[in-house]
Amino acid sequence: MSLPGYNFAYLDEQTKRMIRRALLKAVAIPGYQVPFASREMPLAYGWGTGGMQVTAAVIGPHDVLKVIDQGADDTTNAVSIRRFFALTAGVRTTERTAEATIIQTRHRIPETPLTAAQILVYQVPQPEPLRKLEPRETETRRMHALADYGLMHVKLYEDIARHGRITLSYDYPVLVNGRHVMAPSPIPSFDNPKMHRSPALQLFGAGREKRIYAVPPYTSVESLAFEDHPFHPWKANEACGLCGATDSYLDEVVVDDRGGRLFVCSDTDHCTTRRAAGHRGAAAGHALAGAGE
Amino acid sequence: MTTLAPGFADPPLAAQAAFRRLLDAMARPGTVLSLEAPPAPPPLAPAAGAIALTLCDADTAIWLDPALRTPEVIAWLRFHTGCRVVQAAEEAAFAFAAQATAMPLDRLSTGSDEFPDRSATAVFQVARLGAGTPLRLTGPGIETTTTLRVEGLPPGFIEWRRRNHTAYPRGVDVVLVAATSIAALPRSTAVTVG
Ligand SMILES: [Zn+2]
């Protein structure tokens, strides 16, 4: 059942066609930002209206939707987006990565490897990886047209000169299909390698900036680096206190009013699934009310 | 007065289902998928009709090859999609050809360096997908290489695809159609015979 009085998945059909045409061009030109006429959604910008429009154009009644925000399914943002599509498209929702056919995300890629049967939809605040270096749209567009990414390399090299390494730890720029430099959205650089040759289709929506882009399955996604300074995805050198995972991205959370801290998986489904399978971390059993929020 | 053949029975759901197949086809070049397509007025193939119903409207200019320029096809497309049918292939966002040889390959828009998305999508009706000339495909969406067999490709298609691929990121994206089946060759796909 979907909500009466609304079109299926909220958007009108003309808007969906416009977004769908943009999505097909985005898939045909991996990493290139396709302009689109972004619509108002019943959530404020900054709450993932670009991702929501992409999801609304793609989702069907047989889909199973998961929404994560910083790896968690239970934040206000994730819950309201999930509820929105349950109401307007009548879809089943889940918190389990493995059960989802569409995963809308802000700030993370799930730890569970994605499959060819899944679509990952990213909410993107700033789609232009060159924007901080060049404010003029005509100039950044020219740079992409000519594959002139010297400015980006200069910026990264200055970082190395100053700090001895590239200090970017999230929204770390990538080269897609050997041609377009792309903003992966504010995911930790830890997640960048998951984009490379993923079997899943990855779609990106920036509502305020009115851009859609895509990475098809099995597409090369390289984090920018230099021969003498290869890419190193950053992660806390700790194990998850709850499930003991050493290979997942960790958040440091305050666990009591005496300043006690604990590292826990940012991906709550990953942590829950591991604990259900019997994995125990050093702080297993800790009453972690509100962890990750 | 002639009666118009119906379009999608439930447009929002049918268009969504067809779009997902198209998205999947474009994301996995060379994969043959079937569309649930209502009968379209001949010689428009049902899958080509479903593509128009799913993606075309008053904002899209479409070009039809001479075989498709029948009053029935034009009336059906105009009524169900509201699209503009244009004479100049250069202006078309979508070009449909019932006779693959009639596709004006070198006149279709490939977009600009700044806006390569402002380019045509060419929908070729072919005799069969899954049989005929083997095309060897590599590129995004393909794990290693894949083979797509097509019966009824126009002569010069492979050479045109080679030129099209060289112009990347400008280029024309192709959807091949046979009855209710589709397979896509986005511009990013390198195509050779074999
Ligand atoms: Zn954990």
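## Worked exercises on chains A and B

At 48% relative accessibility, Ala179(B) counts as partly exposed, where buried means under 20% relative accessible area, exposed over 50% and partly exposed in between, with a 1.4 Å probe and protein chains only. The model is predicted, and local features need pLDDT of at least 70, side-chain atom pairs count only at pLDDT 80 or more, and totals for chains, interfaces and linings use all residues. Residues are numbered from 1 along each chain as its sequence is written, chains are lettered from A and ligands numbered from 1 in the order in which they are written, and side-chain values use heavy atoms, with hydrogens and water left out.

**Exercise 1.** Describe the backbone of Ala179(B) and of His107(A), giving the sign of phi and the place of each residue.

*Solution.* Begin with the general expectation that most residues other than glycine have a negative phi, and that most peptide bonds are trans. Ala179(B), which is not a glycine, has a positive phi near 55°, and its place is the loop between β8 and β9 (181-185) of chain B; helices (H or I, at least four residues) and strands (E, at least two) are DSSP runs numbered from the N terminus. His107(A) likewise has a positive phi, about 80°, and sits in the loop between β4 (102-106) and β5 (119-123) of chain A, where it is buried at a relative accessible area of 18%.

**Exercise 2.** Locate the cis peptide bonds that lead into Pro43(B) and Pro169(B).

*Solution.* The bond that joins Pro42(B) and Pro43(B) is cis, with omega about 5°, and Pro43(B) belongs to the loop between β1 (33-34) and α2 of chain B. The bond from Tyr168(B) to Pro169(B) is also cis, with omega near 10°, and Pro169(B) lies in the loop between α4 (157-166) and β8 (173-178) of chain B.

**Exercise 3.** Characterise the interface of chain B and chain A by its contacts, its buried area and its salt bridges.

*Solution.* Count contacts, meaning heavy atoms within 4.5 Å: 38 residues of chain B touch 40 residues of chain A. Next take the buried area, which is the accessible area (1.4 Å probe) that two parts lose on being put together, summed over both; here it is about 3300 Å², 61% of it on carbon and sulfur atoms. Then apply the salt-bridge rule, a side-chain nitrogen of Lys or Arg within 4 Å of a carboxyl oxygen of Asp or Glu, which finds 4 salt bridges across the interface. One pair to inspect is Lys25(A) with Asp173(B), whose closest N and O atoms are 2.9 Å apart. On the side of chain B that touches chain A, the elements giving two or more residues are α1 (11-27) and α2 (46-55) of chain B, and α1(B) gives the most, with 11 residues.

**Exercise 4.** Compare the accessibility of the partners in the salt bridges Lys66(A)–Asp73(A) and Arg170(B)–Asp113(B).

*Solution.* The side chains of Lys66(A) and Asp73(A) meet at 3.0 Å, N to O; Lys66(A) is buried at 0% relative accessible area, and Asp73(A) is buried at 1%. For Arg170(B) and Asp113(B), the closest N and O atoms are 3.1 Å apart, and the pair links distant parts of the chain, with Arg170(B) in the loop between α4 and β8 of chain B and Asp113(B) in the loop between β4 (94-97) and β5 (121-125) of chain B, 57 residues apart. Arg170(B) is partly exposed at 28%, and Asp113(B) is partly exposed at 38%.
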